[in-house]
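Q: Let's go through the labels on this structure and check what each one rests on. Ready when you are.

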Amino acid sequence: MPVAARQPAEVVREYGPFGDASAVHGVTHDGHRVWAATGEHLVAFDPASGTTTRTLDVACDAGTAFDGTHLYQIAEARIDKIDPVTGRVLATIPAPGGGNDSGLTWAEGSLWVGQYQGRKIHQIDPATGAIRRTIESDRFVTGVTWVDGELWHGTWEGDESTLRHIDLASGAVVQQLDLPPGAGVSGLESDGAGLFYCGGGSSGKVRAVRQPKAPPRA
């Protein structure tokens, strides 16, 4: 990878831990608040103040997404569609990894699901769970997100975690941000305004990372 396309991640803020939650498994952004999946609760917080504003009692042990109206949450081998006001589960579809799923995001009318040890990202139908496309990775895949037409995903292997912009056709890495050693990435979501929010796994924290400028074209 060209040196210009790889750089240290700029962590600008940390949030949490959240109450007695011991981990953050998934992260999304609803345009105003950040949501963190902590296992038994989805916790929403104000990114400006860090104050918790909502808590939903739902199973949430992996990725989280928001489609503009509803939350989607991986729970074991399924993906639940959730009303963010009431916390009610409105529909359920099978997760493509059958319980080995990680990140989740919404883009272009599809859900995009990471498979951790499978090293894949699936584009799926949000109504049926049918797989529309699969992108291979050469690293464990944790969180996934779209921003400015770019697909990014998190990796976490040992003490090393990165955020990577990948080419949709080939899966090749276009740009990479290296997090500090030990700063694991579980969930990932962009706010569309210059920041990535990264779940911090067993740290119980969410880290805000500045989105870099696109690398120069060769």
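Q: Why is the pairing of glutamate 10 with arginine 210 called a salt bridge?
A: The closest N and O atoms of glutamate 10 and arginine 210 are 3.2 Å apart, and a salt bridge asks for a side-chain nitrogen of Lys or Arg within 4 Å of a carboxyl oxygen of Asp or Glu, so the label fits. Glutamate 10 sits in the loop between strand S1 (6-8) and strand S2 (11-15), arginine 210 in strand S21 (residues 206-210), 200 residues apart. Strands here are DSSP runs of E, at least two residues, numbered from the N terminus.

One caveat: this is a predicted model, where local features need pLDDT of at least 70 and side-chain atom pairs count only at pLDDT 80 or more, while totals for chains, interfaces and linings use all residues. Residues are numbered from 1 along each chain as its sequence is written, and side-chain values use heavy atoms, leaving out hydrogens and water.

Q: What makes glutamate 10 partly exposed?
A: Its relative accessible area is 43%. Buried means under 20%, exposed over 50%, and partly exposed in between (1.4 Å probe, protein chains only), so glutamate 10 gets the middle label. Arginine 210, at 41%, also counts as partly exposed.

Q: How do you know that aspartate 80 is buried or exposed?
A: Aspartate 80 has a relative accessible area of 3%, so it is buried. Its salt-bridge partner is arginine 78, with the closest N and O atoms 3.0 Å apart. Arginine 78 is partly exposed at 30%.

Terms used: Helices (H or I, at least four residues) and strands (E, at least two) are DSSP runs, numbered from the N terminus.
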